[in-house]
Amino acid sequence: MAPLANYLVLAAILFALGVWGVLRNRNALIIFMCIELMLNAVNLTFMGFSAYLNDYSGQVFVFLIMAVAAAEVAVGLAIIVSIFRHKENVNVDEINVMKW
Amino acid sequence: MDYSLLIPEVVLFVWALVLLLYNASAKTENPRAIGLFALIGLVAAFVILWFVPDGSLFGKTFISDTYARGFKMIFLLAAIVTVIGSVDFASKHMKHTGEFYSLIMLCVTGMMFLASAGELISLYVALELSTISLYILAAFLKKDLKSTEAGLKYLILGAASSGILLYGLSLLYGLTGSTVLDEIGYRLFLNEGTTIAAVFAIVMFVAGFGFKLAAAPFHMWAPDVYEGAPTPVTAFLSVASKAAGLVAFVRLFFNSLLAIKPEWVVIVEIVAILAMVVGNVVALLQKNIKRMLAYSSIAQVGYVLVALSAGIDLSVTSMMIFLLAYLFANIGAFIVVIAFSNATGSDNIEDYSGLWKRKPSLAIVMTIYMLSLVGIPLTGGFIAKYFLFGAAVKEGLYTLVVIAILTSVISLFYYMNVVRIMMFRPAPSADKIALPWMIKLGLAISVIMVLLIGIWPGPFYAWGQLASTIFHF
């Protein structure tokens, strides 16, 4: 196995890319893809630690994260579709009926 | 293995599925009957909960102790009062009411599992069960642009924040090599001295849970979601989602991370100060009552964090009393908002003028809820604040308590502004407001409980103290 640090650094870079994408992108669908990237970075961290520690609960965690992420995306796409029916558009800058 | 520990959760889950199937098969729906059916399930689970013993299942994945059961009571009570107050709203504005109630019940099931979670995996899955149900509930009125927008905002920020929380969990797993909370606490205790990774994980936890609690600076979603979501959902969200964040936050921090308390106490204190200042100051500017209550809830969570940064058993006791008092005062206030907007179609604070002339009882109960949220003696809010700040004083956190009291004084202005407008402004029209009996019942329960906690706090204190006994400070 490659050293643990390689996995952790790669995961940290992916996670940072995901956060940057969530903050920077204006399209709701791309924001969703960036959130998936964050979750996959977490999965990679868990897998790295799990292999390093020789402990299986990290791998179980990864399966459940994937299942929950699928549920989250199903709900998310449904809400995006219903926004699209109102606006014909999924740009988050134009989703601004409410402001303080 | 004593599977009887799971009975309240199983009852709720099965009840939610039955409602869902009934809704899918029924030709015409009767919202009142469906609401009553949901109410029976919630009350049944609440009654069964009193008989559940202590114990744990599946290698401490599911723990039933006084702390978990205390929080389960809070979740169920929040759902019961919300459902009582929502029946009229649902029959007026909603289609598919069966789905609505079944989502509320699934959300409560998730929160109850969260209260019992003694392990990171079950903690995460239970948290997501409750929040994903809440995303759908926030966007439930799909013909209404505001509600859909609230759902999307909640979903994007919620999913991103649970990603951040998960990254923290993965670091904690890597540091300790275990996902069981007790085991993590034990191994952190053995590892003398903390690493930079532990501090990093703590920052992630505070950000992730700060979102669920709507504590500043992670509160951006709260005003929009509170305003846009259907009012019964806002009522439930404002109390239950906060309690759900707190139950996991406290178990994780006081059970597993107590060994490294000096590292996290400063971060929690900063978040507490920000939440109190931002919540109370911005609430002064609000014109919509749901937005005003959103900022007030941000401020209220700041008071809880003041007590939690003390990190003693009184912190947990006072948090339980606070949540109970806040539950009835806040959901009660939202039931008034539901009744008012059903009658007049408005959520603006200005439109409440002359409510005293149009429906004196509604104006009086709203005044009692506002007084409780400020923390005036003889109401539950006073007892809650007394113990919350008492916990902080006991540990010598005087700066925090001074800020908390000063910001409480600011909060007096916007809460009393509502009372002033209701009582002393002339009414725009002489139309009386009629109250359906379910709304009257919800209002009566909340007022009685708010006053009961304020006048006779003994049993509630004992109940809170029982919950704090599971932590070893």
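**Close-up views of a predicted two-chain model**

**Figure 1. Asn54(A), an exposed loop residue of chain A.** Asn54(A) counts as exposed because its relative accessibility is 62%, and exposed means over 50%. The structure shown here and in the other figures is a predicted model. Asn54(A) sits in the loop of chain A that runs between helix H2 (28-53) and helix H3 (57-87). Its phi is near 55°, which is a positive value in a residue other than glycine.

**Figure 2. The helices of chain A.** Chain A contains three helices and zero strands, and its pattern along the sequence reads α-α-α. The C-alpha trace spans about 50 × 25 × 25 Å along the principal axes of the chain. The radius of gyration of chain A is 17 Å, whereas a compact globule of 100 residues would have one near 13 Å. Of those 100 residues, 38% count as buried. When contacts in chain A between residues at least 6 apart in sequence are taken, 53% of them join residues at least 24 apart.

**Figure 3. Surface and charges of chain A.** About 5,500 Å² of chain A is exposed, and 66% of this area comes from carbon and sulfur atoms. Chain A carries 5 positive and 6 negative charges. The mean positions of these two sets are 12 Å apart.

**Figure 4. The contact between chain A and chain B.** Chain A contributes 40 residues to the contact and chain B contributes 44. About 3,600 Å² is buried between the two chains, with carbon and sulfur atoms giving 80% of that area. On the chain B side, the residues that lose the most area to chain A are Leu152(B), Tyr167(B) and Tyr173(B). Together these residues account for 18% of what the chain B side buries.

**Figure 5. Overall form of chain B.** Chain B has 19 helices and two strands. Its radius of gyration is 21 Å, close to the 23 Å given by the globule rule for 473 residues, so chain B is as compact as a globular protein of that length. Taken along the principal axes, the C-alpha atoms of chain B fill a box of roughly 70 × 55 × 40 Å. Buried residues make up 65% of the 473 residues. Of the contacts in chain B between residues at least 6 apart in sequence, 81% join residues at least 24 apart.

**Figure 6. Surface and charges of chain B.** Chain B exposes about 15,800 Å², and carbon and sulfur atoms supply 71% of this area. There are 28 positive and 24 negative side chains in chain B. The centres of the positive and negative sets lie 11 Å apart.

**Figure 7. Leu42(B), a buried residue of helix H2 in chain B.** Helix H2 of chain B covers residues 31-49 and includes Leu42(B). The relative accessibility of Leu42(B) is 0%, so this residue counts as buried. Beyond its neighbours within four places in sequence, Leu42(B) is in contact with Leu12(B), Leu76(B), Ala79(B), Ile80(B), Val83(B) and Met105(B). One of these partners is Leu76(B). Leu42(B) and Leu76(B) are separated by 34 residues in sequence, while their C-alpha atoms are 6.5 Å apart in space.

**Figure 8. His96(B), a loop residue with positive phi.** His96(B) belongs to the loop between helix H3 (66-93) and helix H4 (97-116) of chain B. The phi of His96(B) is near 60°, a positive value in a residue other than glycine. With a relative accessible area of 39%, His96(B) is partly exposed, because this class takes in values between the buried limit of 20% and the exposed limit of 50%.

**Figure 9. The cis peptide bond before Pro217(B).** The peptide bond that leads from Ala216(B) to Pro217(B) is cis, and its omega is near 5°. Pro217(B) is found in the loop of chain B between helix H8 (196-213) and helix H9 (221-228).

**Figure 10. Thr367(B), a buried residue of helix H15 in chain B.** Thr367(B) is placed in helix H15, which covers residues 360-374 of chain B. Its relative accessibility is 14%, so Thr367(B) counts as buried, the cut-off being under 20%. Apart from neighbours within four places in sequence, the residues in contact with Thr367(B) are Val419(B), Met422(B) and Met423(B).

Note on methods: Residues numbered from 1 in each chain as written. Chains lettered and ligands numbered in written order. Heavy atoms only, no water. Helix = DSSP H or I, 4+ residues; strand = E, 2+ residues; numbered from the N terminus. Buried < 20%, exposed > 50% of the residue type's maximum accessible area, 1.4 Å probe, protein only. Contact = heavy atoms within 4.5 Å. Rg over C-alpha atoms; globule rule 2.2 N^0.38 Å. Areas by Shrake-Rupley, 256 points an atom, 1.4 Å probe, with all protein chains shown as cover. Lys, Arg positive; Asp, Glu negative; His and termini not counted. Charge placed at Lys NZ, Arg CZ, Asp CG, Glu CD. Buried area = accessible area lost by both parts, 1.4 Å probe.
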